[in-house]
Amino acid sequence: MRGVNWGRAAIIGLPYLWLLMFFVAPFLIVLKISFSEPAIAQPPYTPTWDSWAGVQAYFSNFNVGNYLFLIEDPLYVGAYLSSLRIAATATLITLLVGYPIAYAMARAPQGWRPALLMLVILPFWTSFLIRVYAWIGILKRDGLLNLALESMGLISQPLVIHNTEIAVYIGIVYSYLPFMILPLYSALEKQDLSLLEAAADLGCKPWEAFARITLPLSLAGVAAGCFLVFIPAMGEFVIPELLGGARTQMIGRTLWNEFFLNRDWPLASAVAVVLLIVLVLPIMIFQRMANRAGAG
Amino acid sequence: MSRFHWTHLAALLLGFAFLYAPILILIVYSFNESQLVTVWAGFSTKWYFELWNNQGLMDAARVSLIVSVCSSTLAAVLGTLAGVALARIPRFLGRTLFSGMVLAPLVMPEVITGLSLLLTFIAVAVDRGILTIIIAHATFSMCYVAVVVQARLAGFDASVEEAAQDLGARPATVFFRITLPLIAPAVAAGWLLSFTLSLDDLVIASFLAGPGSTTLPMKIFSAVRLGVTPEINAICTILIGIVSVGVIVWSLTLKQALARKAADEQAAQRPASA
């Protein structure tokens, strides 16, 4: 081994510094601002630790007002809870939709698989905003779905889907489906099929073999897919904003409104800190799994 | 032998119909003559010409292009370094923190990233504009590049690099002559991914944009809030087209490169076995 060299220092140091400056430091600043009082001036918060005296003053009047407000106002508690509920339900639906697709891909003839994989990845490259927008035209009151169902005579009244929670579920499942399929596929594709043959030889029924062999062996993929969907869905803004209507409250939207409409930056920061606290555990589990997968 | 059952085929067909139908419908209706999005009134390309005359949209497209090219290039450089560090340097101070910082932005809700970066730039008195969007996009894109590069490097063992070093090559030479060519396809994929992520981003750009730096997604978003129009369908179709062509060209060149490599390897083995 060589000693310390500049190349090595640059390889580690540059991205390290960049992430410290633009990823870690910002969280500390958000934390700081979440404990400050809103002010009318621009920027709309009172900076409280610009000097050492400021730091002392800061800790002597530690302002937890924003957090008390979050707890006391049922609007915010409700937004967190409904985000949790919507993200968890949508994750479950995504899993139920994604599993058969991933399973079929993993069992497809070898020659098809690269093309199938490409077909799953391609929508992921396409704009998220565009894909959500595409659903408005389908789901709205005079949209294509209602038009098609009416012309087939299946409904007499247009279905109200756009601007409801159902539309949010559709949007999340649609947008995050590739994130679910890819880890599931890679878990299912690795499986040794001779296990299933052995099970069949020993008189195991196909569904039983699935429940006792295939499914347990794919649990790592299930977990990875669920985290990849749940965590970003929890803070989702675009989908509830465009598909959910006024009544669907999710915390990402609350944060956006607090920031852009009410211009209450400290409160928006507090909303962000609490959201991060809620997500810290799933994010850490996800990282642990990703690291283990990377090492193994 | 596992059999490919008809239910498997049905799952694939339904799954891909679900994934692609909305996009195809959007594209089809961008060629609709009528202003009403759900009524088909004949083929027309007039909405595309109307885009051309929409100055605001064109300005936003220019801003988006600048941001995407700059941020993805920056992300490719930083992400490659990070990926190499994670794959090839097993021990350094704060490695756990480092790998955490690389993975966390992948799942971090955009509203948090956007808000926190904005407050940072205000705290250090940097004006919001194209530069701040570029920095923000480079920050989360570099993590994608790092993951892709790390995965690629994990597929090669370090023996080639070690051999070169044993034969007296300097670390910089090893990096530029061996490591970089090995990971070039991953870097290219990472660049392309960063480019599309940046071109797509609405939330983070909204937090970090200043006057005169409205990006295309921001423009589309404000138009979408007012309703579905064929003009938006047209601009979306163009964006989908650009990205699809990019991805397909990239995957074809990759396939060709792999085929050439395989042919070279075969040619190299032939005299040895003869």
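This section describes a surface patch, two helices of chain A and one helix pair of chain B in a predicted model.

In chain A, a nonpolar patch of about 290 Å² is present on the surface, formed by Val77(A), Leu81(A), Leu84(A) and Val278(A). The principal contributor is helix α4 of chain A, spanning residues 74-107, which supplies three residues to the patch. Val77(A), a member of the patch, is located in this helix. Its relative accessible area is 34%, and Val77(A) is therefore classed as partly exposed.

Helix α4 of chain A also contains Ser83(A). Ser83(A) counts as buried because its relative accessibility is 0%, the limit for this class being under 20%. When residues up to four places away in sequence are not counted, Ser83(A) is in contact with Met234(A), Gln249(A), Met250(A) and Ile251(A).

Ile251(A) is in turn one of the buried residues of helix α13 of chain A. This helix comprises residues 251-260 and is mostly covered, with eight of its 10 residues buried. In addition to Ile251(A), the buried set consists of Gly252(A), Arg253(A), Thr254(A), Leu255(A), Trp256(A), Glu258(A) and Phe259(A).

In chain B, helix α3 (residues 55-88) and helix α10 (residues 216-226) have axes that come within 7 Å and cross at roughly 140 degrees. On the α3(B) side, the contact involves Gly56(B), Leu57(B), Ala60(B), Ala61(B) and Ser64(B), while α10(B) contributes Leu216(B), Pro217(B) and Lys219(B). Classified by residue type, the contact between α3(B) and α10(B) contains five nonpolar, two polar and one charged residues.

Key. Residues are numbered from 1 along each chain as its sequence is written. Chains are lettered from A and ligands numbered from 1 in the order in which they are written. This is a predicted model: local features need pLDDT of at least 70, side-chain atom pairs count only at pLDDT 80 or more; totals for chains, interfaces and linings use all residues. Side-chain values use heavy atoms; hydrogens and water are left out. Patches are made of residues with over 30% relative accessible area and no salt bridge: like charges are joined within 9 Å, nonpolar side chains (Val, Leu, Ile, Met, Phe, Trp, Tyr) within 5 Å. Accessible areas come from the Shrake-Rupley method with a 1.4 Å probe; for residues, only the protein chains shown count as cover. A salt bridge is a side-chain nitrogen of Lys or Arg within 4 Å of a carboxyl oxygen of Asp or Glu. Helices (H or I, at least four residues) and strands (E, at least two) are DSSP runs, numbered from the N terminus. Buried means under 20% relative accessible area, exposed over 50%, partly exposed in between (1.4 Å probe, protein chains only). Axes are lines fitted to C-alpha atoms, for helices over the stretch in contact, and angles run from 0 to 180 degrees between N-to-C directions. Contact means heavy atoms within 4.5 Å. Ala, Val, Leu, Ile, Met, Phe, Trp, Tyr, Cys and Pro count as nonpolar, Asp, Glu, Lys and Arg as charged, and the others, Gly among them, as polar.
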